[in-house]
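Colleague: Before I use the labels on this model, I would like to hear what stands behind them. Please take me through them one at a time.

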Amino acid sequence: MAISASSFSNPVLGGAFLAAAAVIAVAGVAITRRADAIADRTGLGEALIGAVLLGGTTSLPGIVTSVSAAWSGYAALSISNALGGIAVQTAFLAVADIFYRKANLEHAAASAPALSESALLMILLAIPLAASAGPEVTFGGIHPATPLLVASYLGGLRLLHHAKDHPMWLPRRTSLTRRDQNESESSSALPQEARSDSSDLRLWLEFGLLAILLGGSGYLLSKLGIEVADRTDLDETAVGGLLTGVVTSLPELVTAVAAVRQGALTLAVSGIIGGNAFDTLFLAFSDVAYREGSIYHQFNAQHVFVISVALLMTGILLLGLLRRQKNGPAGIGFEGISILILYGLAAAVMF
């Protein structure tokens, strides 16, 4: 049944928005624990599970928001929600770094998969940017950049899997370097009692139910975000980039902080970077849902600005993974400080 927020009073609208955000936050913490246990039990590792399973699942609210907005004809809201989510999630990684007091997160969690994910993300961000400046050609209402985005993402996952199993580059190990949890002697995030009592089937069912809860909350947020755009002086781009983009990205924040606090550093980094790579597919899904032509050609100057900022933030993050500064002010490295400052300036410009 369709949800209409047009009859909500402003207090009810605000309360519903906060309630949906709270559900996302709680479910995000719970799903992180299951993802860490799945990484251990399957042997796939935190990098791949973080990038695909956790990153994709925590992106469900954003997917629903962007696709629903595109289907309703709100192209600017759909685009800005996708791009704004990528930018704020990168900033969230710097926030999560603050909670890891032993060393700079990019130093402790540096790995070949993390570098591969960062490079893949920059490639995926460049595709829609190039498409927006190219000719508006569609086949069945779908721009050629859409299948290219999907194919590039799937090809990147193959390279990511190869980087884990057959790395051609390895970070220099120090006393502060943390290995993937499933390779270490540390136990999973789930308590020992829960691990012994829960079957693999139960673990996957719990993960699936939490994923559905996240997706349903995202659908509600999409409707509320469109209503906010209609009632306020903020345009769709600002609402998507600063409101729905941030709120639907809350799962990434809570899962990253939860993963860092339980010592699953690779899961935290891959959940953000890999999740960002998956989030570029929002534009592909939205292009299919948007029936008025190519969604890439609905890009405006603000969208170009946000995607450029996301590319810049990812480049800084990549440099941080390569430089591997051990410690810095407030426990984070130069890349974390730079990313937070950059996002703050970008948010002020968008607002």
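Modeller: This is a predicted model. A search of the whole structure turns up 2 aromatic pairs.

Colleague: Why is the pair of Tyr-153 and Phe-278 called edge-to-face?

Modeller: Two values describe such a pair, the distance of the centres and the angle of the planes. For Tyr-153 and Phe-278 the ring centres are 5.8 Å apart and the planes stand at 70°. Centres have to lie within 6.5 Å for a pair, and planes over 60 degrees apart count as edge-to-face. Both conditions are met, so the pair is edge-to-face.

Colleague: What makes this a link between distant parts of the chain?

Modeller: Tyr-153 is in helix H7 and Phe-278 in helix H12, 125 residues apart. Both Tyr-153 and Phe-278 are buried.

Colleague: Asn-276 lies in H12 too. How do you know whether Asn-276 is buried or exposed?

Modeller: Its relative accessibility is 1%, and buried means under 20%. Asn-276 therefore counts as buried.

Colleague: Which residues does Asn-276 touch, leaving out those up to four places away in sequence?

Modeller: Asn-276 touches Gly-85, Ile-86, Gln-89, Thr-90 and Leu-121.

Colleague: What makes helix H13 mostly covered?

Modeller: H13 spans residues 281-289, and 7 of its 9 residues are buried. Among them are Leu-281, Phe-282, Leu-283 and Asp-287. The buried residues of H13 pack against helices H3, H4, H6, H7 and H12.

Colleague: And Leu-322 in helix H14: why is this residue called partly exposed?

Modeller: Leu-322 has a relative accessible area of 48%. Buried is under 20% and exposed is over 50%, with partly exposed in between. The value falls between the two limits, so Leu-322 is partly exposed.

Colleague: What makes Leu-322 eligible for a surface patch, as far as its accessible area goes?

Modeller: Patch residues need over 30% relative accessible area, and Leu-322 has 48%. Leu-322 forms a nonpolar patch of about 370 Å² with Trp-169, Leu-319 and Phe-334.

Colleague: What about the chain as a whole: how many helices and strands does it have?

Modeller: The protein chain has 15 helices and 0 strands. Of its 351 residues, 56% are buried. The exposed area is about 14100 Å², with 66% supplied by carbon and sulfur atoms.

Colleague: What share of the contacts with a separation of 6 or more comes from residues 24 or more positions apart?

Modeller: Such residues account for 85% of those contacts.

How values were computed: Residues are numbered from 1 along each chain as its sequence is written. This is a predicted model: local features need pLDDT of at least 70, side-chain atom pairs count only at pLDDT 80 or more; totals for chains, interfaces and linings use all residues. Side-chain values use heavy atoms; hydrogens and water are left out. Patches are made of residues with over 30% relative accessible area and no salt bridge: like charges are joined within 9 Å, nonpolar side chains (Val, Leu, Ile, Met, Phe, Trp, Tyr) within 5 Å. Accessible areas come from the Shrake-Rupley method with a 1.4 Å probe; for residues, only the protein chains shown count as cover. A salt bridge is a side-chain nitrogen of Lys or Arg within 4 Å of a carboxyl oxygen of Asp or Glu. Buried means under 20% relative accessible area, exposed over 50%, partly exposed in between (1.4 Å probe, protein chains only). Helices (H or I, at least four residues) and strands (E, at least two) are DSSP runs, numbered from the N terminus. Contact means heavy atoms within 4.5 Å. Rings of Phe, Tyr and Trp (its six-membered ring) pair if their centres lie within 6.5 Å; planes under 30 degrees apart count as stacked, over 60 as edge-to-face and the rest as tilted.
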